Amino acid sequence: MTVEPLIGDVIGELLRDTLAVATGVGPRPLVGGRLPRPVIEIIERDDGLINGAPAAHYLDGPAQWQPYDHRAVDRAYGETLDIGTGAGRIALQLQERGVPVTGLDTSAGALEVSRRRGVRRLVHGTVDTHLADGARYDTFLLLGNNLGLFEGRERAPEFLAALAALARPGAQIIAQGTDPYGTRDPLHTGYHERNRRRGRHGGQLRLRLRYRELSTEWFDYLVCSADEFAGLVHGTGWRLTDVDDRDAPYYLATLRLID
C-alpha cells in the first residue's frame with residue numbers, strides 16, 4: 001500500500017528542527033540514541049526527479065553567504081519587504097544595519113523561527129493578502145533564488161501588479177535567480193524540452209517540498225534566464241534596469257517602478 005504524505009507546513013517544520021539541531025534547544029529529530037538526525041529538505045519534481053539538500057544553510061550568517069547576497073543587501077534602502085523570509089537570515093542582517101525591514105512568509109512555522117532568532121517585524125501571508133495591511137515599501141527582496149515566486153507567464157503580471165500596489169514612488173525589486181540552461185544532463189535538458197512543448201518556460205518547475213511525513217501541495221517555481229525574465233517584465237509597471245551576473249549562472253535582477 002502506498003501512503004501519500006500529509007499536506008502541512010513543510011518549511012516551518014524543517015526550520016524548527018534545523019534550529020533545534022543548531023542550538024541544542026528543543027526537540028530534535030533522532031536516528032536513534034542521542035545523535036540528532038541531519039535535517040534534509042526533499043524536492044520532488046513532477047517528472048519523478050527527487051533531490052535532497054541539507055537545510056542548515058537557511059540559518060547561515062553573512063560569513064557563509066554567496067557574494068551576490070552581499071551585493072543585494074548593500075542595495076536595499078528605505079522600508080524593505082523580505083519576501084519569503086524563511087528563517088530570517090536577510091532580515092536579521094538588515095536590522096543590524098538599521099534598515100527598516102519586514103519579513104513576509106506563507107509559513108507560520110518559518111515566522112516562528114524568524115521571531116525566535118530576533119526578527120522584529122513579520123507578516124504571515126502572500127504579497128496579495130498583504131495589500132490589505134496598507135504597508136508601503138521602497139525595496140522588495142526576493143533572495144535565496146526566490147525569483148522563482150514569479151512562477152511563470154500567468155502569475156508574473158499579477159505578482160508584479162501586487163508589488164506595484166505595495167510600492168512607494170521609485171521603488172525597486174531585487175530578485176536572485178539562476179539560469180538553468182548551462183547543463184548537459186539529459187534528465188534536465190529533457191525536462192526543459194518537455195516544458196517548452198507544453199508552452200512553459202524550459203526551467204519552469206512543477207514541484208513539491210517534503211520533510212518527514214509532510215508535503216506541500218504541488219506548485220510552480222520559475223527558474224529562467226535573465227532574457228526570459230526580461231520578457232516577463234516587459235509591458236508591466238516595472239522596468240528591468242540591471243542584471244548582475246558576476247556569479248553566473250546566478251544573477252541579481254533589479255527592477256524599478258515606472259513613474
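## Exercises on a predicted model

The unreviewed UniProt entry annotates residues 81-170 as "domain: Methyltransferase"; such annotations may be inferred rather than shown by experiment. The model is predicted: local features need pLDDT of at least 70, side-chain atom pairs count only at pLDDT 80 or more, and totals for chains, interfaces and linings use all residues. Residues are numbered from 1 along each chain, and side-chain values use heavy atoms, without hydrogens and water.

**Exercise 1.** Place histidine 201 and decide: is it buried or exposed?

*Solution.*
- Step 1: Find the loop between helix H7 (186-197) and strand S11 (204-211); histidine 201 is there. Helices (H or I, at least four residues) and strands (E, at least two) are DSSP runs, numbered from the N terminus.
- Step 2: Histidine 201 has 5% relative accessibility, so it counts as buried. Buried means under 20% relative accessible area, exposed over 50%, partly exposed in between (1.4 Å probe, protein chains only).
- Step 3: Look beyond neighbours within four places in sequence. Histidine 201 then contacts Arg153, Tyr181, Asn195, Leu222, Glu228 and Leu232. Contact means heavy atoms within 4.5 Å.

**Exercise 2.** Explore the largest nonpolar core.

*Solution.*
- Step 1: Apply the rule: buried Ala, Val, Leu, Ile, Met, Phe, Trp, Tyr and Cys residues joined through side-chain atoms within 4.5 Å.
- Step 2: Of the 30 residues in this core, Phe140, Phe150, Phe229 and Trp238 touch the most other members.
- Step 3: Elements giving two or more residues include strand S9 (137-142), helix H6 (155-166) and helix H8 (226-233). H6 gives the most, with 6 residues.
- Step 4: Take phenylalanine 229. Leaving aside neighbours within four places in sequence, its contacts include Leu147, Phe150 and Tyr251.
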